[in-house]
Amino acid sequence: MKKLVTLLLTAALAITAATTAFADHQIGPDANGNPNPASKAIPVTYTVAPKYTVTIPASVTLDSDSKSSTATIVVKDVTVDFGKKVKVALNKGTFDVTTDEGATLPCKVTKGTNKTPVNDNGTVLEVAPASKSGSETLTFAITDPVVYSGTYKGTVTFEVSVGTPTI
């Protein structure tokens, strides 16, 4: 019985070891004696899916004394098409915050340490794949004197896109 099992295993091993490799293109003369080229170029493909992570704070609460607060926008792990960047824009650079009773105050958004004003639909951060990551600090500030007490609320919308750099 051991000899039979050994014989079957040997036969199975011999069959699997004798595999022929087939190529799409043969080099050398074909069946009619026509010469084939001595070299062959083949395409090589490597696909990388675009990816990136954008972190935007869930909310911003202004300090009651300074009437301002900062928020940091972070873009990291950027891999996008050549010549493109991840862009984060803000829909309103100045917007109103309002109490439930109807009192309104303007809130202005600036960016960076220079406090550059952010325009409506203004870009606040762009990150290219070569950089891989970047961040920008935004300052939200009430610009007018406060007359009425209450809780003032407003909303801004960030738009994240991939496109050509802003000039």
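1. Two strands count as paired if DSSP finds at least two bridges between them. β5 and strand β6 (residues 116–117) pair in the antiparallel sense over two bridges. Within this pairing, Lys 111 stands opposite Thr 116 of β6. The hairpin formed by β5 and β6 has four residues between the strands, and Gly 112 in the turn has a positive phi of about 75 degrees.

2. Some general points on the chain follow. The model is a predicted one. One helix and nine strands make up the elements of the protein chain, and their order from the N terminus is α-β-β-β-β-β-β-β-β-β. Of the 167 residues in the protein chain, 20% are buried. Among contacts with a separation of 6 or more, 71% are between residues 24 or more positions apart. The exposed area of the protein chain is about 12300 Å², with 55% of it supplied by carbon and sulfur atoms.

3. β5 also pairs with β4, in the antiparallel sense and over five bridges. Val 97 has Leu 105 in β5 as its bridge partner. The hairpin of β4 and β5 has five residues between the strands, and Gly 102 there takes a positive phi near 115 degrees.

4. A further partner of β5 is β8: these strands pair in the antiparallel sense, again over five bridges. Here Lys 108 has Ala 141 in β8 as its bridge partner.

5. The largest nonpolar core holds 22 residues, and those touching the most other members are Val 75, Val 97, Val 109, Val 124, Leu 125 and Phe 140. Two or more residues each are given to this core by β2 (68–79), β3 (85–90), β4 (94–98), β5 (104–111), β7 (122–127) and β8 (134–142). β2 provides the largest share, four residues.

6. Val 109 deserves its own entry. Leaving aside residues up to four places away in sequence, Val 109 touches Leu 90, Lys 92, Gly 93, Phe 95, Thr 116, Pro 117, Val 118, Leu 138, Thr 139 and Phe 140. Of these, Thr 116 is also the residue that stands opposite Lys 111, and Phe 140 is also listed among the core residues that touch the most other members.

7. On the surface, Tyr 52, Ile 56, Val 160 and Val 162 make a nonpolar patch of about 270 Å². Val 160 lies in strand β9 (residues 158–163). Val 160 counts as partly exposed because its relative accessibility is 34%, and the partly exposed class lies between the cut-offs of 20% and 50%.

Definitions and conventions
Residues are numbered from 1 along each chain as its sequence is written. This is a predicted model: local features need pLDDT of at least 70, side-chain atom pairs count only at pLDDT 80 or more; totals for chains, interfaces and linings use all residues. Side-chain values use heavy atoms; hydrogens and water are left out. A nonpolar core is a set of buried Ala, Val, Leu, Ile, Met, Phe, Trp, Tyr and Cys residues joined through side-chain atoms within 4.5 Å. Buried means under 20% relative accessible area, exposed over 50%, partly exposed in between (1.4 Å probe, protein chains only). Contact means heavy atoms within 4.5 Å. Patches are made of residues with over 30% relative accessible area and no salt bridge: like charges are joined within 9 Å, nonpolar side chains (Val, Leu, Ile, Met, Phe, Trp, Tyr) within 5 Å. Accessible areas come from the Shrake-Rupley method with a 1.4 Å probe; for residues, only the protein chains shown count as cover. A salt bridge is a side-chain nitrogen of Lys or Arg within 4 Å of a carboxyl oxygen of Asp or Glu.
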